[in-house]
Amino acid sequence: MKVLIVLTSHDTLGDTGRKTGFWLEELAAPYYVFKDAGAEITLASPKGGQPPLDPKSDEPMFQTDLTRRFTADEAAKAQLAATVRLDSVDQKDFDTVFYPGGHGPLWDLAEDRNSIGLIQSFVRAGKPIALVCHAPGVLRHVTNPDGTPFVQGRSLTGFTNSEEEAVGLTKVVPFLVEDELIGLGAVFSKIKDWGVHTVVDGQLITGQNPASSSEAAEALIAVLTR
């Protein structure tokens, strides 16, 4: 099983003066779900090299057993420091792709032509894709072969408006994931803020928030191995 994980290269939280990036739990949890299942993992990002970590995601209140495992794993950290450039990867080399969130992807991956094309190539090859938290927002420009939005009519989830409001960034982010996906015709579902919620619709797997990362990765493996 060959898994591609795509991370953001964007580190600026709008005009707040604060830093952002990827959310640690959303990388660490799926990383070990895949690794413990024997998968071969490749990490990629638009710029390559070390992607920016949202510093908030490494604060004590957001740490988990898996984030602590990751930060103590020298091999994993070395792999993270040397992500390959997104424009160098080919869908044909992988069985699936997983997108962790964090706020960063809303600025770069959502608009990145390489990312959009990569997702479309996975979809058209019939391979499953998974995205968690803010990452479903990177589907905003992904289309079907006939030009219609990929998410139109599909059941999915992602970071909700109320969760964005709870972290005080509704006016900072370039768009709200829930509103954007619903506007494109997606069948968006959600549960209480920070609850574990994963939706599987054929080859598309989505998770609502960081707590849903492990479940989304497990659902992806289930689709791959069924």
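Visitor: Leaving aside neighbours within four places in sequence, which residues is Thr8 in contact with?
Guide: This is a predicted model, so everything here is computed from it. Contact means heavy atoms within 4.5 Å. By that cut-off, and skipping neighbours within four places in sequence, the partners of Thr8 are Gly21, Phe22, Ser45, Pro46, Pro51, Pro52, Gly104, Pro105, Asp108 and Leu109.

Visitor: Is Thr8 buried or exposed?
Guide: Find Thr8 in the loop between β1 and α1 (24-36). Buried means under 20% relative accessible area. Thr8 has a relative accessible area of 0%, so Thr8 is buried.

Visitor: How far apart in space are Thr8 and His103, C-alpha to C-alpha?
Guide: Along the sequence, these two are 95 residues apart. In space, the C-alpha of Thr8 and that of His103 are separated by 8.8 Å.

Visitor: What about Met1 and Thr96, what separates their C-alpha atoms?
Guide: Met1 sits in the segment before β1 (2-6), and Thr96 is 95 residues away along the chain. Not counting residues up to four places away in sequence, Met1 touches several others, among them Ala39, Asp95 and Ile221. The C-alpha separation of Met1 and Thr96 is 8.4 Å.

Visitor: For contacts with a separation of 6 or more, what percentage comes from residues 24 or more positions apart?
Guide: Think of the whole protein now, with its seven helices and nine strands. Among contacts with a separation of 6 or more, the share from residues 24 or more positions apart is 76%.

Visitor: What radius of gyration does the protein have, and does a compact globule have a value that agrees or disagrees?
Guide: The C-alpha atoms fill a box of roughly 45 × 40 × 30 Å along the principal axes. For 226 residues, a compact globule would come out near 17 Å. The protein agrees with that, with a radius of gyration of 16 Å.

Visitor: Which element gives the largest share of the largest nonpolar core?
Guide: In soluble globular proteins, nonpolar side chains tend to be buried together. Here, 55% of the 226 residues count as buried, and the largest nonpolar core has 37 residues, with Leu4, Tyr99, Ile129 and Leu139 having the most contacts inside it. Elements giving two or more residues to this core are β1, β4 (96-99), α4 (113-124), β5 (129-132) and α6 (177-183). The largest share, five residues, comes from α4.

Visitor: How many residues are in the second, separate core?
Guide: Look for Phe22, Ala39, Phe70 and Leu80, which are included in this separate core. Its residue count is 27.

Visitor: How much space lies in the largest pocket?
Guide: The lining has 26 residues, and Trp23, Lys56, Phe62, Val167 and Trp194 lie nearest the centre. Sorted by type, the lining divides into 12 nonpolar, seven polar and seven charged residues. The space in this pocket is about 490 Å³.

Visitor: Is Trp194 buried or partly exposed?
Guide: Trp194 is in the loop between β7 (187-188) and β8 (198-201), and its phi is near 70°, a positive value in a residue other than glycine. Its relative accessible area is 42%, which makes Trp194 partly exposed.

Visitor: And what is phi of Cys133 near?
Guide: Most residues other than glycine have a negative phi. Cys133 lies in the loop between β5 and β6 (155-156), and at 2% relative accessibility Cys133 counts as buried. Its phi is positive, near 65°.

Technical notes:
Residues are numbered from 1 along each chain as its sequence is written. This is a predicted model: local features need pLDDT of at least 70, side-chain atom pairs count only at pLDDT 80 or more; totals for chains, interfaces and linings use all residues. Side-chain values use heavy atoms; hydrogens and water are left out. Helices (H or I, at least four residues) and strands (E, at least two) are DSSP runs, numbered from the N terminus. On a 1 Å grid over the protein atoms alone, a cavity is a set of points where a 1.4 Å probe fits but cannot get out, and a pocket is an open set with protein on both sides within 12 Å along at least five of seven lines; lining residues have an atom within 4 Å of a point. Grid points are joined across faces, edges and corners, and a volume is the space filled by probe spheres set on the points. Ala, Val, Leu, Ile, Met, Phe, Trp, Tyr, Cys and Pro count as nonpolar, Asp, Glu, Lys and Arg as charged, and the others, Gly among them, as polar. A nonpolar core is a set of buried Ala, Val, Leu, Ile, Met, Phe, Trp, Tyr and Cys residues joined through side-chain atoms within 4.5 Å. Buried means under 20% relative accessible area, exposed over 50%, partly exposed in between (1.4 Å probe, protein chains only). The radius of gyration is taken over C-alpha atoms; the globule rule is 2.2 Å times the number of residues to the power 0.38.
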